[in-house]
Amino acid sequence: MKMRGKGYTEIDLKRIISARSEDIRFAKMQITEAEENKLNGIQKYPADNQSIILSSYEYCFKSGLALIDAMYSLGQSLENLIRHFNRAVDDLDKSYSRDDYNPKNGMWGNYEALLEILSWGILLETYEDTMQKIAAAIFYHNTDDALIDFMLSTCNISWTHQTTKYDTPNPYRFLREIIIATKSDKAEASRLLETYIKKKWRSDDGWSYESAAVAKILGLDDSRLKANSRYPYELSHYKSARGFPIMYDASWFEKIYTKQDGAQRLEKEKEFIRVIESDYNDLSEQAFYEKYRERFLKDLFPDVQSYHLYREMHHGTILGFLLVNALVTDGYILQMDWKDYPEQCLPDFINERLETDYGIEAIDLGNDVPEIEDVEMYDNKYVKSLQKMLKRIGFRLVWFILGNDQYYTAVVPKTLRLGKEWKGINLHY
């Protein structure tokens with residue numbers, strides 16, 4: 001038997017195995033006692049018998065994970081580990097009550113343990129009924145994690161609980177880059193896998209089972225990690241019977257990633273707007289102009305004097321005008337001239353905002369050329385038809401009325417309430 005891991009001596013690992021085995025044995029004795037007390041109507045401890053049973057099974061599950069980790073590091077055969085893995089899954093399956101399910105339950109206290117047992121299941125190519133038990137526990141703990149959703153979606157167990165966000169904690173969040181890269185360049189994905197293990201994975205975190213599971217799913221070349229003391233190479237190549245990449249949905253995964261980035265950019269833009277508003281009120285005209293000249297003001301005013309004159313002409317109430325133009329510069333508001341045809345640029349703008357800012361798939365907005373109408377652009381039949389299509393998916397157009405010969409519009413969630421005006425600018429929905 002040749003040791004696989006580093007950082008522990010053979011004596012240390014044998015002690016861990018002995019201690020964890022004893023922990024499990026003692027917890028099972030507690031379970032037996034609590035079950036008998038429950039059956040006989042005896043309440044021996046402050047905690048009720050059912051709570052003792054569930055918490056003891058959870059303790060057995062986590063002790064079982066530590067046990068198989070130590071056994072793997074010691075160099076025990078994978079066949080010998082399977083029965084301990086199955087016992088840990090059974091303990092997990094008994095560690096919660098289906099009747100107590102609460103959709104507000106969080107899973108983060110058990111995140112690493114659930115990710116680890118899921119990774120073991122994938123690496124061992126365990127039976128589907130065993131994977132169903134793991135999936136049921138993850139569902140019970142209300143996973144809202146794209147990495148776990150992605151891994152479960154490849155297990156051929158009809159997993160459909162797909163999250164809408166990527167809040168995976170460090171260092172696991174870096175695996176998204178590997179998953180997305182595989183779609184176009186598996187060699188690059190393999191390089192990123194190596195970078196993950198050598199630079200992202202902390203040396204004191206033990207084996208990186210989740211990265212090996214992802215590499216197995218994606219069919220990546222992990223040969224350069226064969227001798228790495230944190231990458232379970234032998235486990236990742238234990239079996240190859242299952243055709244893992246089962247049409248894994250990297251496009252869905254990438255959409256979540258894009259949506260999260262879009263949401264972060266939107267928050268940064270909102271903060272930028274708040275800073276402009278604060279500076280507009282607190283800075284001198286000269287200081288304000290110099291600060292935002294390159295950002296967007298130079299396209300409106302060639303120098304500070306023209307900026308001063310425009311403010312005087314409008315009695316200093318041009319904050320809304322400035323904010324709209326800042327958002328035009330950053331692409332969040334579309335500016336069109338009264339002579340423009342909305343069908344030429346509005347559909348592309350709408351779909352770009354849906355995809356970039358909200359992670360929503362582009363929608364078919366039609367290609368019919370609207371009839372010419374002598375009405376404001378936002379009131380013509382074509383634009384109203386776009387509004388209807390947007391509202392069906394939870395969005396709408398808002399128009400900023402600046403009183404000139406330009407039209408300004410943005411795509412916003414239908415639930416957003418801006419009122420009749422925004423920063424002194426009249427709005428039209």
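## Salt-bridge exercises

Arginine 191 has a relative accessible area of 43%, so it is partly exposed (buried is under 20%, exposed over 50%, partly exposed in between; 1.4 Å probe, protein chains only). The model is predicted: local features need pLDDT of at least 70, side-chain atom pairs need 80 or more, and totals for chains, interfaces and linings use all residues. Numbering starts from 1 along each chain as its sequence is written, and side-chain values use heavy atoms, without hydrogens or water.

**Exercise 1.** Find the salt-bridge partner of glutamate 188.

*Solution.* Glutamate 188 pairs with arginine 191; their closest N and O atoms are 2.7 Å apart. A salt bridge needs a side-chain nitrogen of Lys or Arg within 4 Å of a carboxyl oxygen of Asp or Glu. Next, place the pair. Both residues sit in helix α8 (a DSSP run of H or I, at least four residues; strands are E, at least two; numbered from the N terminus). They are 3 residues apart, so about one helical turn separates them. Glutamate 188 is partly exposed, at 27%.

**Exercise 2.** Locate the two ends of the bridge between arginine 295 and aspartate 330.

*Solution.* The side chains meet at 2.7 Å, N to O. Arginine 295 lies in the loop between α12 (285-292) and α13 (304-313). Aspartate 330 lies in the loop between α14 (319-329) and β1 (334-337). The pair links distant parts of the chain, 35 residues apart. Arginine 295 is partly exposed at 35%, and aspartate 330 is partly exposed at 24%.

**Exercise 3.** Are aspartate 357 and arginine 353 buried or exposed?

*Solution.* Their closest N and O atoms are 2.5 Å apart, in a salt bridge. Both lie in helix α15 (residues 342-358), 4 residues apart. Both are buried.
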